[in-house]
Amino acid sequence: MKVIRVSFYFFSQGGQHRNVQPFSDEDASIETMSHCSGFSDPASFTEDVGPEAEEDATQEDLEYKLKGFIDLTLDKSAKTRQAALEGLKNALTSKTLFDFILERRMTLTDSIERCIKKGKSDEQCAAAGLACLLCVQLGSGIESEEIFKTLAPVLKKIISDGTANIQTRRACITCLGICCFIVTEDITELYFTMECLENIFTKSYQKERDTNGISSTHSTMLHINALLTWTLLLTICPVSEVKKKLEMHLHKLPSLLSCDDVNMRIAAGETLALLFELAREMDADFFYEDMELLSQKLRSLATDGNKHRAKVDKRKQRSVFRDVLRAIEERDFTTETVKFGPERMYIDCWVKKLTYYTFKEILGSGMQYHLQSNEFLRNVFELGPPVMLDAATLKTMKIPRFERHLYNSAAFKARTKARSKCRDKRADVVEFF
C-alpha cells in the first residue's frame, strides 16, 4: 500500500505559520500530487473536476474537495478565499450537487455574505456568481428564498452605492436579478427589485437628453446590465404590472437607440422587440403611436454604414437590428436550435432567447449539462423531466471517431470547392472589367 505524505501547516502563538517537511522529489509522484492539489490550490479544481473528467472523480472525492473549499472561504488571505469561491463555482457549473448544497446552504450563504461585505472587487464578483449558482442548483423552493432574503439587502446596498466598484455593482445586479427570477413567489420583492434596477438604467434616458453630458463607458455597461436584468424580471410579472411598465418605458426606450455605445443600442433594440412581443401577447391589436419613427430608426441601424464606427460593431449591430426590425414590423422571429445530449430545444421567441442567454452567461460551458439534468432549468424551458439514458444507449448514439473524421473531411473538401468557384467568378469579373 502506498503512503501519501502531505505537508501540514502549524500555527505558532504569534499567528505566523510555517511549512513543515515539504514534498521531496521522490515523494512528489503524479498520484501523490493529484491527491493534494485540491487543497494546495483551490483554483486547480477546473483541472481535476470538469465536464471531461467527471467519470474519473468519485462522489466521495468530490465532496471532500468541496468541503475543503468551503473551509477556505473563511481564510485570512483574500487570494485564498477568492480561489476557493472560484473552485466552488467551477464545481456547481459542471455538476448538479443538490443534496450536498442543501445540507450546507446556510454555511455557504454566510460565507458569501461575508465576502461580499468585506472583500475587494474580484472576491465580491466571485461571491455574487456563487450565489447565483446556489439558487440555480436549489431551484425555486424555500431554500433559494432564504438565500435571496439574506443577500438581497447587501446586494441592493452595493448596487445603489455610486462610489462602489463598477464591476462589483454589475455582478451584484446579475446576482440580484437571477435570484429574484428563481424566487418568483414574493411579488412584492419582485417589484422592489425592479424599481432598484430602474433607478440605474433610467439614468441613460437623462444622459441622452443632456447632449453636453460626458458618457462613461463603465457606467453605460452598468446601465446595460440593469436594463437586461429588469427586462428578464418583466417576463415573469403579472399582466397588470407589465401594462404599467410598458406605459412607463415603451416611449422612452427608443432614445437609447441613439447612444454612442453599440452594446447599449443593441440592448435597447432587443428590449424593444421583447416588449412588443409581450404587448401583442396581451393584445393582438396592440398599436404603437410612433411606429413610423421607430421603424425608421431601426431601419437605419440595420443598414448602418457610418465610417467612424468599427466594422465589427457595424456587422454585429446590423445583424441584430435586422431581427429586431422584422420582429416589430412583421411579428417574425428567426428560430434558433440548441442541442444538448440527445435532446433539442427551439428558441422561438424573444422571451425565451433572453432567458436562455442570461443563464448561459452564468453557467458557461455547463449550460448543456444543466439543461439535461437540472430540474429547475428544464421547468423554465418546459423540457419536462430529465431524460434517463443508460450507458449502453448513449454509446450507440455516439458517432464513432473514424466516421466523424470522414464526415469532416468530406465537408472540408466540399467547402473548399465551393469557395474556389466563388474565387474563379470574382477573377472572371475582374478580367472582364
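Me: What does "buried" mean here, and how much of the protein chain counts as buried?
Reply: Buried means under 20% relative accessible area. This is a predicted model, and of the 433 residues in its protein chain, 42% count as buried.

Me: How many helices and strands should I look for in the chain?
Reply: You'll find 20 helices and four strands in the protein chain. Taking contacts between residues at least 6 apart in sequence, 64% join residues at least 24 apart.

Me: Let's zoom in on one residue. Is Arg378 buried or exposed?
Reply: Arg378 has 0% relative accessibility, so it counts as buried, given that the cut-off is under 20%. You can find Arg378 in helix 18, residues 375-380.

Me: Which polar partners does the side chain of Arg378 have?
Reply: One is the side chain of Glu343, in a polar contact at 2.8 Å. There's also the backbone oxygen of Leu371, 2.7 Å from a polar atom of the Arg378 side chain. Setting aside neighbours within four places in sequence, the residues in contact with Arg378 include Phe340, Leu383 and Pro385.

Me: Now for empty space. How many cavities of 30 Å³ or more are there?
Reply: The count comes to one. The largest cavity has a volume of about 40 Å³.

Me: Which residues line the largest cavity?
Reply: Among them are Leu66, Leu88, Phe100, Ile101 and Leu134. Helix 4 (78-94), helix 5 (98-118) and helix 6 (121-138) each give two or more residues to that lining, and helix 5 gives the most, with three. As for character, the lining has nine nonpolar residues, no polar ones and no charged ones.

Notes:
Residues numbered from 1 in each chain as written. Predicted model: local features only at pLDDT ≥ 70, side-chain atom pairs only at ≥ 80, totals over all residues. Heavy atoms only, no water. Buried < 20%, exposed > 50% of the residue type's maximum accessible area, 1.4 Å probe, protein only. Contact = heavy atoms within 4.5 Å. Polar contact = N/O pair within 3.5 Å; in protein donor to acceptor, adjacent residues only side chain to side chain. 1 Å grid on protein atoms, 1.4 Å probe; cavity = no way out; pocket = protein on both sides within 12 Å on 5 of 7 lines; lining within 4 Å. Points joined across faces, edges and corners; volume = space filled by probe spheres on them. Nonpolar A, V, L, I, M, F, W, Y, C, P; charged D, E, K, R; others polar.
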